[in-house]
Amino acid sequence: MTMKTVFEKTSGLTDKPTHYCPGCTHGVIHRLVGEVLEEMGILEDTVGVASVGCSVLSYEYFNCDMTQAAHGRAPAVATGVKRVLPDRFVFTYQGDGDLASIGISEVIHAAARGENITVIFVNNAIYGMTGGQMAPTTLIGQKTATTPFGRDVQIQGSPIKVCEMISTLDGAAYIERVSTHDVPHIQKAKRAIRKAFETQKKGGGFSMVEILSTCPTNWGLNPTESLEWVKDNMVPVYPLGVYKNKEGEKE
């Protein structure tokens, strides 16, 4: 009897074991990006830009050409790569500390210029790699290493909502926020990632997918509790959905 393959590892990822903590959904997001690149048949034509943060070693995991950017500068590096190699698919993979803090100017101006690149933005509401400090996306009242009594609006201000901000820029072509807290939402996340790369393929301009993710270690929760925390706490603050779709607006 011949066995039928129903599930296998995507060729979009290498065989290198990841370093992520148990329950972290970076690995899930990696797989989604790898599957999209494989299914679109563009692995050989793709250049990824790794950021600084928990995903700093992503250049070891994606099975395409990769380069490393300084902290926050991934959109600037991606801009350079795309302008020199316009026939390549170029994407950045960034966390909220990298993109929304030190790199906020880079991503804003890349979007404003309408750079034809794709940004994968992972939002887990905390600085994961460096010990769980408050990030620009940390929720009001959320306790972190630098907000032990909870984020206070009067002291630390309010969370930055990146999709809402970037979608106001004329150069932004496709902006969507998705989540990884359950299987249906993971499937929606994959469709959003594919749409972002398809936007780049058509020369549409800047595309970004923000993905709500977990950080069990720094949240002090187990993996299951972390998924519930995303659903119950992050989604109400960061509503899911398409924030901009220039192609859709033309229809």
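Which helix is Val 36 found in? Val 36 is found in α1, where helices (H or I, at least four residues) and strands (E, at least two) are DSSP runs numbered from the N terminus. The model is a predicted one, in which local features need pLDDT of at least 70 and side-chain atom pairs count only at pLDDT 80 or more, while totals for chains, interfaces and linings use all residues. Residues are numbered from 1 along each chain as its sequence is written, and side-chain values use heavy atoms, with hydrogens and water left out.

**View 1. Val 36 in helix α1.** Val 36 has 0% relative accessibility and therefore counts as buried; buried means under 20% relative accessible area, exposed over 50%, and partly exposed in between (1.4 Å probe, protein chains only). Leaving aside residues up to four places away in sequence, Val 36 touches Lys 190, Ile 193, Arg 194 and Phe 197, a contact being heavy atoms within 4.5 Å. The C-alpha atoms of Val 36 and Lys 190 are 7.3 Å apart, although their positions lie 154 residues apart in sequence.

**View 2. The crossing of α1 and α7.** Two packed helices are described by the angle between their axes and the distance between the axes. The axes of α1 and α7 come within 9 Å and cross at roughly 45 degrees; axes are lines fitted to C-alpha atoms, for helices over the stretch in contact, and angles run from 0 to 180 degrees between N-to-C directions. That angle makes α1 oblique to α7, since angles under 35 degrees count as roughly parallel, over 145 as roughly antiparallel, 65 to 115 as roughly perpendicular and the rest as oblique. The crossing is right-handed, meaning that the near helix is turned clockwise from the far one by less than a right angle, whereas anticlockwise would be left-handed. On the α1 side the contact is made by Val 28, Leu 32, Val 33, Glu 35, Val 36, Leu 37 and Glu 39, and on the α7 side by Ile 186, Ala 189, Lys 190, Ile 193, Arg 194 and Phe 197. By class, these residues are nine nonpolar, no polar and four charged; Ala, Val, Leu, Ile, Met, Phe, Trp, Tyr, Cys and Pro count as nonpolar, Asp, Glu, Lys and Arg as charged, and the others, Gly among them, as polar.

**View 3. The nonpolar cores.** In soluble globular proteins, nonpolar side chains tend to be buried together. The largest nonpolar core here has 27 residues, and those with the most contacts inside it are Leu 37, Phe 62, Phe 91, Ile 120, Ile 193 and Phe 197. A nonpolar core is a set of buried Ala, Val, Leu, Ile, Met, Phe, Trp, Tyr and Cys residues joined through side-chain atoms within 4.5 Å. At least two residues of the largest core come from each of α1 (26-39), β3 (89-95), β4 (118-123), β5, α7 (183-201) and β6 (206-212). A second, separate core of 23 residues includes Val 107, Ile 117, Val 162 and Phe 206. Beyond four places in sequence, Phe 62 touches Gly 12, Leu 13, Thr 14, His 30, Val 33, Gly 34, Phe 91 and Tyr 93.

**View 4. Helices α2 and α4, with Arg 83.** Helix α2 (residues 74-84) packs against helix α4 (residues 104-113) at an angle of about 35 degrees, with axes 8 Å apart. Pro 75, Ala 76, Thr 79 and Arg 83 of α2 meet Glu 106, Val 107, Ala 110 and Arg 113 of α4. This contact has four nonpolar, one polar and three charged residues. Arg 83 is exposed, at 57% relative accessibility. Not counting residues up to four places away in sequence, Arg 83 touches Arg 113 and Glu 115. The C-alpha atoms of Arg 83 and Glu 115 are separated by 8.8 Å.

**View 5. Tyr 243 in strand β7.** Tyr 243 lies in β7 (residues 241-245) and is partly exposed, with a relative accessible area of 26%. Its contacts beyond four places in sequence are Cys 163, Glu 164, Ser 167, Ile 175, Glu 176 and Arg 177. Tyr 243 and Glu 176 are 67 residues apart along the chain, with their C-alpha atoms separated by 5.4 Å.

**View 6. Ala 125 in a loop.** Ala 125 is found in the loop between β4 and α5 (153-156). Its phi is near 65 degrees, a positive value in a residue other than glycine. Ala 125 counts as buried, at 0% relative accessibility.
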